[in-house]
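Please walk me through this structure in the viewer. I would like to know what to select at each stop and what is found there.

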Amino acid sequence: MRRFTVPALSTTVLLLAASTVPACGSDNADPGGGGGDDAGCVGFSCPQDGGPKPGCVGLECKQETCEGTATTSLTGVVLDPAGKVPVYNATVYVPNATPDAIAEGVTTCDRCDAKVSGAPVVITSSDTAGAFKLDNVPVGDKIPLVIQIGKWRRQVEIANVPKCVSTALDAGQTRLPRNRNEGSIPRIALATGAADPLQCLLKKIGIDESEFGVAGSDARIHLYAGGGFDDSGTPRNASSSFASGPNFASAESLWASATELKKYDVVMLACEGTENDTVQHKPSTAKQAVYDYAKAGGRLFTTHYHHTFFSNSPDAAPKGVAQWTDKPPPVNGDPLMNAAQADIVGTFPKALAMKEWLTKQSALTAGKLSMVDARHNVDGVNAGGLDWIQAISTNSSVPGLAGQTAVQYLSFNAPVAAPDDQVCGRVVFTNLHVGAGTEGAAKDDPTQPFPTSCQTQNLSPQQKALEFMLFDLSSCVQKDDGAIVPPR
């Protein structure tokens, strides 16, 4: 993995994006980067009789020229750990060296404008159907293949790659890892909330139950106990333990300092049913710590009333990215409406990709995303933020509320307003809930111990949108309203 310098920070970077790119030839600085395009090649440096280039290194020497338009290729679909849902914008490549170990926690700036670890021979990324095609693949037995997005990484071995034909890989070969024995999973902290079983999303996407634990354990997912109110503001306890023990540490201990937060690659905060913004639960120091974590390179996933970390932040930067609000709830406890028909309104490449991905997942009805428990916490997005999804309120219980626009999903990079080459972290805020999906009489219950709290297995349309958000959040940082940065 290549290293580069951001002011005051030396960083190891992983890159993800959007087209097959043969690497550029071996040299002392980048062993194993060759193969591919020999147009205009003249003399003894060219492949002889379809063989490898003189001076090739490692798997470059197994790349062979085909006749006509034929190519040696691998095709497949990158899937989530469950092997069910395609993953957009995952990097797929054949490495010519052992990929660097992935650092745990926020120690580096994972940006999209640096080279992928492992000196790729050929490299590509998955499209909005999760599909990929790698051309000019080395020929022979035991060819390594890496599938990666952010700190999710799995390496498999292709038993045999025949010359000049396309080989289709099965789902078992191209899904992301379910546990540490299969590959790398980011270290994730998740604070529970009594209004939404967000922890169930991670179980639904296929992470093994053995990878869930408490703070200090070697599990990849650490659960913390958040606040306890349901959607109507009625006090109740959030999930705070495993069914077989032990109890979770408190959410206050998670967001107490940036140092604690930076132990994790991703931090997820489930809806508590109210802002719960007390000196004891969310002091100003915690709000500052949350933003400092994002500035350092953290990935932060927040929902509903956790807008208070930004709307009431002591730092003007996150406070200014949106027009934060909290409309007074009507009698039914829902300040927007029970069932919202939301539009993907972003016109930048990632938002368009999200809409296309959701369409292919049959998650949209007449182009709209059905949302349950939608709320009105954001009137609009300012400079520094990006507006992805909006809904129009139809609730007339509060005078003047009906017809108003409510942003349902926004994101911003951190530090806010920093030059593109100094941006390191990412934050998303969404009003989508996990617990809104049901299967028959079963329903995920945010008050029950884990994994008893998780009763459903299949993803609802809005849960599919949440999965897209999670993997996109996990990926490398780039200017999100710009063109997708291709891997190299």
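**Stop 1: a pocket and its strands**

Start with strand β22, which gives three residues to the lining of the second largest pocket, the largest share from any element. The model is a predicted one, and the tour begins at this pocket before turning to the chain as a whole.

Select β21 (385–392) together with β22 (405–414): these are the elements that contribute two or more residues to the lining. The lining of the second largest pocket has 21 residues in total, and those nearest the centre of the pocket are N413, D420, K479, D480 and D481. Show these five as sticks to mark the middle of the pocket. The volume of the second largest pocket is about 360 Å³. Colour the lining by class and you should find 10 nonpolar, five polar and six charged residues.

**Stop 2: the whole chain**

Zoom out and switch to a cartoon. The protein chain holds nine helices and 25 strands. It has 488 residues, and 57% of them count as buried. Of the contacts between residues at least 6 apart in sequence, 75% join residues at least 24 apart. With a surface display on, the accessible area is about 18,000 Å², and carbon and sulfur atoms account for 51% of that area.

**Stop 3: two cis peptide bonds**

Go back to β22 and select A414 and P415. The peptide bond from A414 to P415 is cis, with omega near 0 degrees. P415 sits in the loop that runs between β22 and β23 (425–430).

Next select F450 and P451. Here too the peptide bond is cis, and omega is near 5 degrees. P451 belongs to the loop between β25 (442–443) and α9 (461–474). For background, most peptide bonds are trans.

**Stop 4: positive phi at A366**

Most residues other than glycine have a negative phi. Select A366, which is not a glycine but has a positive phi of about 55 degrees. The loop that carries A366 lies between α8 (349–360) and β19 (369–374). Is A366 buried or exposed? Its relative accessibility is 78%, and over 50% counts as exposed, so A366 is exposed.

**Stop 5: C164 and its partner**

Select C164, another residue that is not a glycine and has a positive phi, about 65 degrees in this case. C164 is placed in the loop between β9 (152–161) and β10 (166–168). With a relative accessible area of 21%, C164 is partly exposed; the cut-off for buried is under 20%.

Now add C66 to the selection. C66 and C164 form a disulfide, with 2.1 Å between their sulfur atoms. This disulfide ties together distant parts of the chain: C66 is in the loop between β3 (21–22) and β4 (73–77), C164 is in the loop between β9 and β10, and the two are 98 residues apart. The torsion about the S-S bond is -100 degrees, and the link is left-handed. C66 counts as buried, at 14% relative accessibility.

**Stop 6: further disulfides**

How many disulfides does a search of the whole structure find? The search finds five, among them the C66 and C164 pair just visited.

Select C56 and C61. Their sulfur atoms are 2.0 Å apart, and the two residues form a disulfide. The torsion about this S-S bond is about 115 degrees, so the disulfide is right-handed. C56 counts as partly exposed at 22% relative accessibility, and C61 counts as partly exposed at 27%.

Move on to C112 and C476, which form a disulfide with sulfur atoms 1.9 Å apart. This pair also links distant parts of the chain: C112 is in the loop between β5 (91–95) and β6 (120–125), while C476 is in the segment after α9, 364 residues apart. The torsion about the S-S bond is 100 degrees, and the link of C112 and C476 is right-handed. Both ends count as buried, C112 at 3% relative accessibility and C476 at 2%.

**Last stop: C271**

Finish by selecting C271, which counts as buried at 0% relative accessibility.

Definitions and conventions:
Residues are numbered from 1 along each chain as its sequence is written. This is a predicted model: local features need pLDDT of at least 70, side-chain atom pairs count only at pLDDT 80 or more; totals for chains, interfaces and linings use all residues. Side-chain values use heavy atoms; hydrogens and water are left out. Helices (H or I, at least four residues) and strands (E, at least two) are DSSP runs, numbered from the N terminus. Buried means under 20% relative accessible area, exposed over 50%, partly exposed in between (1.4 Å probe, protein chains only). Contact means heavy atoms within 4.5 Å. Accessible areas come from the Shrake-Rupley method with a 1.4 Å probe; for residues, only the protein chains shown count as cover. On a 1 Å grid over the protein atoms alone, a cavity is a set of points where a 1.4 Å probe fits but cannot get out, and a pocket is an open set with protein on both sides within 12 Å along at least five of seven lines; lining residues have an atom within 4 Å of a point. Grid points are joined across faces, edges and corners, and a volume is the space filled by probe spheres set on the points. Ala, Val, Leu, Ile, Met, Phe, Trp, Tyr, Cys and Pro count as nonpolar, Asp, Glu, Lys and Arg as charged, and the others, Gly among them, as polar. A disulfide is a pair of cysteine sulfur atoms within 2.5 Å.
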